[in-house]
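Trainee: I am new to this structure and would like a close look at one part of it. Please pick a single residue as a starting point, and then lead me outward from there.

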Amino acid sequence: MRDIDMERVNGTREKMLETVKSPVLTHEQKVAAMANLADSLLEVVDLPEGLHDLMDQPIDTKCICDLAEGHAPLRPRYIIPDYKKFMREGSKFLQLDPPKDLFEALNSLLIFYKHVPSVTNFPVYLGALDELLDPFVQDMDEELAKKMIRLFLIHVDRTVLDSFSHANVGPRDTKAGRIILEVEAELEQAVPNITMKYDEDITSDEFALMGINTTLHSAKPSFANHKMFKSELGEDYVIASCYNGLKLGGGSYTLCRLLLGNIAKRASSVEDFKKNQLPYVCRVMADYMDARIRFEVEESGFFENNFLAKEGFIRRDRFTAMFGMVGLAECVNHLMELQGKTGRYGHDEEADALGVEIMDEIDAFNKAHVNPYCEATDGHFLLHAQVGIDSDMGISPGTRIPIGEEPEELIDHLRHCEKFHRYFPSGTGDIFPIDTTVHKNHDFLLDVIKGSFREGIRYLSFYAADSDVVRITGYLVKRSEIEKLERGENVLQDTTALGMGAKHNSRVFQRKVR
């Protein structure tokens, strides 16, 4: 462990005291903030040369961001337990037998969730809830099952205080899945986030339309291209956190991101960007991720000591890591300006072609880089179009078109998505607010989903333009909760503060309504 100077120690102590005195944070939020501040005093990871100049900088110049994972990674960032195994076998550590009915199943899941860590201190994956619960609802009164699942989901919303917690339904139409969708449409809650795995050859139109009705009430579920994810990650993939495709029983050690717009600012030309600046920053970030992963696997003791690994709910060889990026739009626009050209990302063929070339360069770098502990993905990281954070200003998530510059027609926007979604097995997506006075016919959105997925679009999210629950980037927040926080009141969920930052810095409430 390396020494640090007293100026940094005292600066951290001041932040701790501010946290203690905060009138806005809840007790739980203060405890989490204090833990992160204590972690920031440690220096145990072998940092690559050049990282400081690329990462420890103001937001308008930094080129690498580690998304507040901490200086001493004590667990992987995203953990994806095999809840099916838990339902079959129970847990010795938790002293739970396999559940025999819906009462026991819901109770066991709620207990299990309390013991699944992640970067947010809450589980980022809650299971394929329809598959987990369907065996228990077959022979019971449907109204009782609905009441129990309703109470379960309310409990999750009030205790898993982070909308990066994610559940899956589909692609098969199930009784439990229908109950979940019906209840979520009524509750209009921000937690949990939900994805419907959709495959038009498997998913019934009736089930998909139930999902669309629910999303226009509660901004969830989003819709994942099941055929696409399955072809890349296998049948046992899950969607977790924002929209992250990962392996069941595994997860992701880490997620760092390139800030492409700022990397472009370092370049004197497009050629300099492609041949020098981008490869250099990619190399430093990959080396940093390798160092973090090595510490987690070889020194933290997590995989040797945590009951999730001991009892086989996770396996280290099913983990990978996520090589993220944001700001492709700003990157392309800056490089076009360097050439004296006026074409804009999302509106100009040459600009979009440059975006594809940049993604090809990043993809090639990633495929050439090997990490020995990423066996789940053949020794390579997975590319990830990161959704952004609350402090981002003038930085568009992933490969999205900047808010305020969306194409006039939805079809043109979707055609642009098609160019880029193929690069990101561990997640990308686009978000469309829907004017429900115009599109009262839910078949309209189902046709959009079917056509988009046939053309290779990976993931789509919708919400009603007048909904209280809105999708910020990859997570959900209530407008009413943001308003409370803006008035200086306590709010229950951590992600409300992120949503408030995104509202002010990224104009997420000003998306073009379709």
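Mentor: Happy to. Let us begin with leucine 102, which, apart from its neighbours within four places in sequence, is in contact with Leu133, Phe136, Val137, Met140, Ala145, Met148 and Ile149. Please keep in mind that this is a predicted model.

Leucine 102 belongs to the largest nonpolar core, a set of 160 residues. Leu102 is one of the five members that touch the most other members, and the others are Leu109, Leu258, Phe323 and Ile358. The biggest contribution to this core is made by helix α12, residues 270-298, which supplies twelve residues. As background, nonpolar side chains in soluble globular proteins tend to be buried together.

From Leu258, one of those core members, we can step to isoleucine 263, because the two are in contact. Isoleucine 263 sits in helix α11, residues 260-265. Is isoleucine 263 buried or exposed? Its relative accessibility is 0%, so it counts as buried. Besides Leu258, and leaving aside neighbours within four places in sequence, isoleucine 263 is in contact with Cys63, Phe273, Gln277, Leu278 and Val281. For a sense of scale, compare isoleucine 263 with aspartate 141: they are 122 residues apart in sequence, and their C-alpha atoms are 59 Å apart in space.

Helix α10, residues 226-233, is a good next stop. Its buried residues are His226, Met228, Phe229 and Leu233. Looking down the axis of α10, you would find these buried residues within an arc of 165 degrees, so they line one face of the helix. What lies over them? The cover of these buried residues includes the strands β5 (193-198), β6 (222-225), β7 (237-240), β8 (244-247), β11 (382-385) and β13 (459-464). Glycine 234 follows α10, with a positive phi near 95 degrees.

Phi is worth following a little further. Most residues other than glycine have a negative phi, and most peptide bonds are trans. Serine 241 is not a glycine, yet its phi is positive, about 50 degrees. You will find serine 241 in the loop between β7 and β8, and at 1% relative accessibility it counts as buried. Asparagine 121, also not a glycine, has a positive phi near 70 degrees. Asparagine 121 lies in the loop between α5 (102-113) and β3 (125-128). With a relative accessibility of 47%, asparagine 121 counts as partly exposed.

Now for two peptide bonds. Glycine 170 and proline 171 are joined by a cis peptide bond, with omega about 5 degrees, and proline 171 is in the loop between β4 (166-169) and α8 (175-187). Another cis peptide bond links valine 191 to proline 192, where omega is about 0 degrees. Proline 192 is in the loop between α8 and β5.

Both residues of that second bond lead us to lysine 220, which has Val191 and Pro192 among its contacts. Lysine 220 is in the loop between α9 (205-218) and β6. Its relative accessible area is 0%, so lysine 220 is buried. Its contacts beyond four places in sequence also include Glu184, Gln189, Asn193, Thr214, Arg471 and Leu476.

Proline 407 is our next loop residue, found between β11 and α17 (410-420). Proline 407 is buried, because its relative accessible area of 6% is under 20%. With neighbours within four places in sequence set aside, it is in contact with Gly346, His347, Ile401, Asp412, His413, Lys512 and Arg514. Lysine 512 is 105 residues away from proline 407 along the chain, while their C-alpha atoms are separated by 8.8 Å.

Let us finish with some open space. The second largest pocket holds about 480 Å³. Among its 35 lining residues, Ser396, Pro397, Pro402, Ile403 and Ser506 are the closest to its centre. Three elements give two or more residues to this lining, namely α15 (328-338), β12 (430-434) and α20 (495-506). Strand β12 gives the largest share, four residues. By kind, the lining residues of this pocket comprise 15 nonpolar, eight polar and twelve charged.

Notes. Residues are numbered from 1 along each chain as its sequence is written. This is a predicted model: local features need pLDDT of at least 70, side-chain atom pairs count only at pLDDT 80 or more; totals for chains, interfaces and linings use all residues. Side-chain values use heavy atoms; hydrogens and water are left out. A nonpolar core is a set of buried Ala, Val, Leu, Ile, Met, Phe, Trp, Tyr and Cys residues joined through side-chain atoms within 4.5 Å. Buried means under 20% relative accessible area, exposed over 50%, partly exposed in between (1.4 Å probe, protein chains only). Contact means heavy atoms within 4.5 Å. On a 1 Å grid over the protein atoms alone, a cavity is a set of points where a 1.4 Å probe fits but cannot get out, and a pocket is an open set with protein on both sides within 12 Å along at least five of seven lines; lining residues have an atom within 4 Å of a point. Grid points are joined across faces, edges and corners, and a volume is the space filled by probe spheres set on the points. Ala, Val, Leu, Ile, Met, Phe, Trp, Tyr, Cys and Pro count as nonpolar, Asp, Glu, Lys and Arg as charged, and the others, Gly among them, as polar. The arc is that of the directions from the helix axis to the C-beta atoms.
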